[in-house]
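Please look at the sequence and the model together, and follow the chain with a finger on one and an eye on the other. The paragraphs below are meant to be read slowly, with the structure in view.

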Amino acid sequence: MSNHHTIDHPAEVIAIHHLWAGYNHEPVLEDINLSVKELDFIGLIGPNGSGKTTLFKVLLGLLPPMRGEVRIMGMTVRKGRRFIGYVPQFIEFDHAFPISVGEVVLLGRLGKRRLFQGYTAKDRALVADALREVDMWDWRDRPISELSGGQRKRVYIARALATEPQILLLDEPLAGIDPHAETHIYDLLKRLNQHLTILLISHDIGAIAACVKTVGCLNRRLFYHGEKQITPEMLEMVYQCPVDLIAHGVPHRVFPTHIMDEIDRNQERSNNQGR
């Protein structure tokens, strides 16, 4: 990181200008503009099919833009993506395949070495650091298949950390884990945000409200004001989609009162019909 940026004026680590992206000439993202600063922790919410994963694919260099420009650390995506660590929603692996926690994290070093070169002492030291950072060092020799959903998620975050990123992309980081494990993941992400920029996508408003610094809403177009508040404009856009309405102990009402009253009335009607 360059030293001339102060805390008051952090460096821009991701710059997206008028981005259009999609598949088979059909845009999924329309005119996206986003500036991500160093040590931001941005949560983007939106329904399934809203383009959240497509945005990550563009940032990871897996999908070229149709139009617009994307810069990572001031570079093209092809050069800048090496500064990104990515934690996907699901990682498919054969539960019968005997791979240990340490070996999974070591896979994060694959792209950092030359073909047919063995793992180095530096690789192993980075893996050890990553496992300690997510509190999974004591589990390093266990088969990954023996872990709970929350533990596994921490291992996948460690694998991303082993790539020595400056930016962390997280796709639905709380999917498939129990509420107790959620708290550990929140705490871990807040700790990582002290030295990493984090961009997280989810359809769960509550999960986002609990740990991010600012919230945006994505549904083909992006509504982002650099604030934590979810505006009526954003709500109007996501209200029709499946979102978790519980704010996980956050002391504010995510939805306006009249919408909550309507939800309560609908719930009561369905309960009465079920009797």
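What follows is a walk through the strands, helices, cores and loops of this chain.

The model shown here is a predicted one, and its chain has nine helices and nine strands. Of the 275 residues in the chain, buried residues make up 47%. If we take the contacts in the chain with a separation of 6 or more, residues 24 or more positions apart account for 67% of them.

A good place to begin is with an open sheet of three strands, which are arranged in the order β2-β1-β4 and paired in the antiparallel sense. Its edge strands, each of which pairs on one side only, are β2 (26–37) and β4 (67–72). From one strand to the next the twist averages 20°. Strand β1, which covers residues 12–23, is joined to β2 by eight bridges, and the two run antiparallel; within this pairing, L19 stands opposite I32 of β2.

Between β1 and β2 the chain passes through a loop, and in that loop lies H25. This residue is worth a pause, since H25 has a positive phi of about 65° although it is not a glycine. Is H25 buried or exposed? The relative accessibility of H25 is 78%, and because the cut-off for an exposed residue is over 50%, H25 counts as exposed.

Across β1, β2 and β4 lies helix α1, made of residues 52–59, and this helix runs at about 120° to β1. Helix α1 is mostly covered, with six of its eight residues buried, and the buried ones are K52, T54, L55, F56, V58 and L59. After α1 comes G61, whose phi is positive and near 75°. A little further on is helix α2 (residues 77–80), where R78 is found. R78 is exposed, with a relative accessible area of 64%, and although R78 and L60 are 18 residues apart in sequence, their C-alpha atoms are 8.2 Å apart in space.

We can now turn to another group of strands and look at β7, which spans residues 197–202. Strand β7 is mostly covered, for six of its six residues are buried. In a regular strand the side chains alternate between the two faces of the sheet, and it is helpful to keep this in mind when asking which residues of β7 are covered on each side. On one side T197, L199 and I201 are buried, and on the other I198, L200 and S202 are buried, so that both faces of β7 are covered.

Strand β7 also has partners. Strand β3 (residues 41–45) pairs with β7 in the parallel sense over five bridges, and there I42 stands opposite L199. Strand β6 (residues 167–171) likewise pairs with β7 in the parallel sense over five bridges, and here L169 stands opposite L199. Beyond this strand, in the loop between β6 and α6, is the place of E172. Phi of E172 is near 45°, a positive value in a residue other than glycine, and E172 is buried, with a relative accessible area of 8%.

The next step is to see how two helices meet. Two packed helices are described by the angle between their axes and the distance between the axes. Helix α5 (residues 149–161) and helix α6 (residues 179–192) pack at an angle of about 20°, and their axes are 9 Å apart. Because angles under 35 degrees count as roughly parallel, α5 is roughly parallel to α6. The crossing in which α5 passes α6 is right-handed. On the α5 side the contact is made by G150, K153, R154, I157 and L161, and on the α6 side by A181, I185, L188, L189 and L192.

Some of these names return when we look at the interior. In soluble globular proteins, nonpolar side chains tend to be buried together. The largest nonpolar core of this chain has 44 residues, and I157, L189 and L192 are those with the most contacts inside it. Which residues does I157 touch, not counting residues up to four places away in sequence? They are V87, V134, L170, L188, L189 and L192. Apart from the largest core lies another core, of 27 residues, and among its members are V36, F56, I167 and I201.

Methods
Residues are numbered from 1 along each chain as its sequence is written. This is a predicted model: local features need pLDDT of at least 70, side-chain atom pairs count only at pLDDT 80 or more; totals for chains, interfaces and linings use all residues. Side-chain values use heavy atoms; hydrogens and water are left out. A nonpolar core is a set of buried Ala, Val, Leu, Ile, Met, Phe, Trp, Tyr and Cys residues joined through side-chain atoms within 4.5 Å. Buried means under 20% relative accessible area, exposed over 50%, partly exposed in between (1.4 Å probe, protein chains only). Contact means heavy atoms within 4.5 Å. Two strands pair if DSSP finds at least two bridges between them. Helices (H or I, at least four residues) and strands (E, at least two) are DSSP runs, numbered from the N terminus. Axes are lines fitted to C-alpha atoms, for helices over the stretch in contact, and angles run from 0 to 180 degrees between N-to-C directions. Angles under 35 degrees count as roughly parallel, over 145 as roughly antiparallel, 65 to 115 as roughly perpendicular and the rest as oblique. A crossing is left-handed if the near helix is turned anticlockwise from the far one by less than a right angle, and right-handed if clockwise.
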